[in-house]
Amino acid sequence: MSSTTEAITGGRLMVELLEEAGVEIVFGYPGGAILPFYDELYHSKKIKHILVRHEQGAVHMAEGYARSTGKLGVCIATSGPGATNLITGLTDAKLDSIPILAITGQVATDAIGTDAFQEADIFGITIPITKYNALIKKADDLARHFEEAIKIAMGGRPGLVLLDFPKDVQTQKTSVRKATALKIAPHHYERPKVKGDPQEFAEVLNQAKRPLLYVGGGAINSFASAEIKALAEKANAPVTTTLMGLGAFPGTHPLSVGMLGMHGTAYANKAVLECDYILNLGARFDDRVAKYQDFAPNAIRAHVDIDAAEFNKRINVDHILHGDLKDAIREILPFVKGGDRTSWIENIQSLKKNHPLDFDNSGDSIKPQDFLQRVYAKTKGEAIVSTDVGQHQMWAAQYYLFDRPNTWLTSGGLGTMGYGLPAAIGAKFGNPDKTVICVTGDGSFQMCIQELATIAQSKLGVKILLFNNNFLGMVRQWQELFYEERFSESQWTYNPNFVKLAEAYGIPAMKIEHKSEIEKGVDFFLKDSGSALIEVMIPAEEKVFPMIPAGKSQQDLIEFKDLGKFKK
Amino acid sequence: MKHTLSILVNNHPGVMSHVSGLFTRRGYNIDSIAVGVTDNTEVSSMTIVLNGDDFVVGQVKNQLLKLPDVLRVQDMAYASSVQRELVLISFSITENNRSEALTICNGFDVKILEMTEDSLLIEFSGNSRQVTNIISVLKPFGIREISRTGQIAIAYRNQNSV
């Protein structure tokens with residue numbers, strides 16, 4: 001089955017295969033069952049290993065690296081608790097279709113199934129959350145499994161793969177170092193041809209009077225931004241993006257209507273109600289966007305996706321094009337005609353004017369929206385921004401306009417608190433010359449706060465923008481609006497001194513509380529290329545608007561200006 | 001509506017978990033599942049019977065095809081495929097009804113594997129309806145034990161032959 005050469009250990013081969021796959025950086029944490037591999041990694045001159053403080057950090061770093069660079073992210077853990085600590089991050093990567101290779105150590109093959117020390121059936125545990133996983137029982141199988149795993153992670157709709165290596169497999173000798181026959185079917189890794197009729201597909205768009213493009217995370221994975229821009233401009237069609245699609249179409253483009261969905265702009269959500277044609281480009285009609293079958297009720301619905309299982313999964317569509325988004329748009333483009341859409345564009349402009357993103361900026365307290373707008377101005381919109389999960393995430397999505405793909409890193413599908421800091425670290429390793437900002441909240445930050453040590457150890461320049469309201473802000477918002485202000489367990493009656501904490505890790509930090517300090521704060525935080533933390537105290541009652549209440553549709557959108565009405 | 005899916009998968013440990021797990025976590029119910037290796041020892045054939053409308057079955061097919069170990073999924077239309085199930089039934093008989101039982105067995109083309117003074121152990125194969133039918137006919141005798149294989153299926157080569 002293979003070309004044979006001099007026998008080497010499984011661990012050595014694992015390192016060589018990673019090198020051959022072009023992997024330059026891995027994030028991990030050693031332990032007994034993965035030691036033979038780590039011993040070989042010690043000798044590698046090509047692969048840089050980042051030692052994390054918790055395995056969840058390792059996966060999120062790999063995710064941040066993968067999302068910001070478009071390359072494969074690799075994370076490593078030992079058996080048992082090391083492997084199970086990966087689970088949250090792995091599930092996160094699964095839901096957001098991020099290409100990740102997770103490598104775990106396993107107890108020796110003769111001990112598997114005996115409840116051995118640090119044994120967990122990570123193969124079984126991760127079946128539901130991986131795109132592919134395997135337990136490798138012989139060093140001879142290593143090469144094939146590596147090739148299959150990497151092809152599957154990067155191929156089609158990208159995703160997460162996990163390979164589990166018993167300790168003795170890492171020490172076994174093998175001379176099989178190249179797979180000649182893969183056991184998986186080609187459709188799992190070959191780039192699919194576009195299926196459907198691009199001309200007919202484009203005709204429907206041409207006939208539309210009020211078309212709207214709805215762009216999702218698939219646009220980022222497919223590197224299709226240029227094609228989407230060309231399509232929007234040629235068709236003269238406004239573009240809205242999902243949370244995952246931010247940056248796939250320039251947020252400052254005149255045709256941009258911003259983000260749609262639960263906390264999307266009012267004008268995007270209203271455009272969805274008014275459009276007569278909606279073209280989904282690599283999104284999945286997620287439930288935070290499209291609540292009912294009557295999504296875009298007046299529109300013909302069309303969908304382009306690489307994953308055939310997404311067609312008609314939640315929302316029925318009228319026209320389908322199956323294939324890689326970039327290829328598909330290239331095939332549609334020649335048939336797309338401009339058409340006069342002046343009144344539709346004017347309609348969008350008046351929606352934007354009459355239903356802007358809004359907040360009350362009177363008073364002395366610092367409003368996070370205001371602060372983010374200033375960070376946007378100061379960085380000229382060129383930073384890579386990661387977020388945790390909660391109100392700060394939505395404010396960042398709304399007020400930092402993303403013009404480029406791969407600059408917005410957020411946990412969209414799983415909504416994982418603790419994602420932001422390690423994701424920023426991974427992104428900074430992948431983009432050392434760019435400004436990387438982690439926008440976080442006092443709740444989320446404490447979930448992976450130990451990775452401050454990883455920043456310190458690598459002398460990394462990650463900027464941390466911590467909005468502190470001494471609450472789980474989004475939980476509080478829901479409790480205020482839907483649970484009659486019963487703030488059950490959402491208030492932190494203890495928070496650490498975040499400034500001192502950052503300083504304990506050698507990271508310069510500053511806290512601001514009043515509007516008069518904003519300029520000083522922004523300057524301090526972004527002044528040089530080093531790490532810094534700015535703690536911004538914000539009012540606990542500040543809310544994210546617009547908002548579509550959970551379970552409701554675009555029709556039920558609440559804007560900032562409706563708040564008074566709603567509270568009665 | 002019942003659907004029969006014939007699925008070719010890689011024959012190695014964990015594939016069964018991958019397939020059945022997919023059904024579990026998406027809330028689809030499996031009526032029967034039968035697995036056996038094919039002439040190629042690296043490939044197994046699975047026959048899964050499930051209840052669901054065309055939407056559910058379409059989803060199941062699409063999701064199955066996403067599993068790397070799944071090589072092919074075929075939705076077997078009842079009319080253009082052979083569908084069989086094997087059942088072993090042990091049931092009670094008495095001196096009085098023994099000949100009646102044997103007549104039934106004869107009529108159903110049943111293979112008798114063991115006969116004792118007070119019991120019969122039989123083997124029967126047929127489509128699911130026939131299997132269910134023979135079980136209900138034998139029920140009055142007093143069924144002691146039943147073991148069904150679950151359904152297997154294969155498409156006719158000539159789709160016009162039926």
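**Close-up views of a predicted two-chain model**

**View 1. Lining of the largest cavity.** By class, 5 nonpolar, 4 polar and 4 charged residues surround the largest cavity. The structure shown here, as in every view, is a predicted model. The lining comprises 13 residues, and those nearest the centre of this cavity are Asp287(A), Arg288(A), Lys291(A), Ile548(A) and Lys552(A). The volume of the largest cavity is about 80 Å³. Over the whole structure, the search returns 2 cavities of 30 Å³ or more.

**View 2. Lining of the second largest cavity.** The second largest cavity holds about 50 Å³ of space. Its lining includes Leu273(A), Tyr292(A), Phe295(A), Ala296(A) and Pro297(A), together with Lys291(A) and Asp294(A). Ser553(A), Gln554(A) and Gln555(A) also contribute to this lining. The division by class is 5 nonpolar, 3 polar and 2 charged residues. Lys291(A) appears in this lining and is also listed among the residues nearest the centre of the largest cavity. Phe295(A), which lines the second largest cavity, is one of the residues with the most contacts inside the largest nonpolar core.

**View 3. The largest nonpolar core and the surroundings of Phe371(A).** The largest nonpolar core contains 59 residues. Those with the most contacts inside this core are Ile278(A), Phe295(A), Phe371(A), Leu465(A), Ile534(A) and Val536(A). When neighbours within four places in sequence are left aside, Phe371(A) is in contact with Ile366(A), Leu465(A), Phe467(A) and Ile512(A), as well as with Ile518(A), Val522(A), Ile534(A) and Val536(A). Another core, of 48 residues, lies apart from the largest one and has Phe27(A), Ala93(A), Cys438(A) and Val462(A) among its members.

**View 4. Helix H1 of chain A.** Helix H1(A) spans residues 10-20 and is mostly covered, with 9 of its 11 residues buried. The buried residues are Gly10(A), Gly11(A), Leu13(A), Met14(A), Val15(A), Glu16(A), Leu17(A), Leu18(A) and Glu19(A). Both Glu16(A) and Glu19(A) are thus found in the buried set, beside residues such as Leu17(A) and Leu18(A). After the helix comes Gly22(A), which has a positive phi, near 85°.

**View 5. The second largest pocket, lined by residues of chains A and B.** The second largest pocket encloses about 970 Å³ of space. Of the 40 residues in its lining, Lys131(A), Arg157(A), Asp307(A), Ala309(A) and Lys66(B) lie nearest the centre. Two or more lining residues are given by each of helix H5 (87-95) of chain A, helix H1 (15-25) of chain B and helix H2 (54-66) of chain B. H2(B) provides the largest share, with 4 residues. The lining of this pocket is made up of 14 nonpolar, 11 polar and 15 charged residues.

**View 6. Chain B as context for the pocket.** Chain B contains 4 helices and 9 strands, arranged along the sequence in the pattern β-α-β-β-α-β-β-α-β-β-α-β-β. The C-alpha trace of chain B extends over about 60 × 35 × 30 Å along its principal axes. Among the 162 residues of chain B, 41% count as buried. Of the contacts in chain B with a separation of 6 or more, 71% join residues 24 or more positions apart. The area exposed by chain B is about 8,800 Å², of which carbon and sulfur atoms supply 50%.

Notes. Residues are numbered from 1 along each chain as its sequence is written. Chains are lettered from A and ligands numbered from 1 in the order in which they are written. This is a predicted model: local features need pLDDT of at least 70, side-chain atom pairs count only at pLDDT 80 or more; totals for chains, interfaces and linings use all residues. Side-chain values use heavy atoms; hydrogens and water are left out. A nonpolar core is a set of buried Ala, Val, Leu, Ile, Met, Phe, Trp, Tyr and Cys residues joined through side-chain atoms within 4.5 Å. Buried means under 20% relative accessible area, exposed over 50%, partly exposed in between (1.4 Å probe, protein chains only). Contact means heavy atoms within 4.5 Å. On a 1 Å grid over the protein atoms alone, a cavity is a set of points where a 1.4 Å probe fits but cannot get out, and a pocket is an open set with protein on both sides within 12 Å along at least five of seven lines; lining residues have an atom within 4 Å of a point. Grid points are joined across faces, edges and corners, and a volume is the space filled by probe spheres set on the points. Ala, Val, Leu, Ile, Met, Phe, Trp, Tyr, Cys and Pro count as nonpolar, Asp, Glu, Lys and Arg as charged, and the others, Gly among them, as polar. Accessible areas come from the Shrake-Rupley method with a 1.4 Å probe; for residues, only the protein chains shown count as cover.
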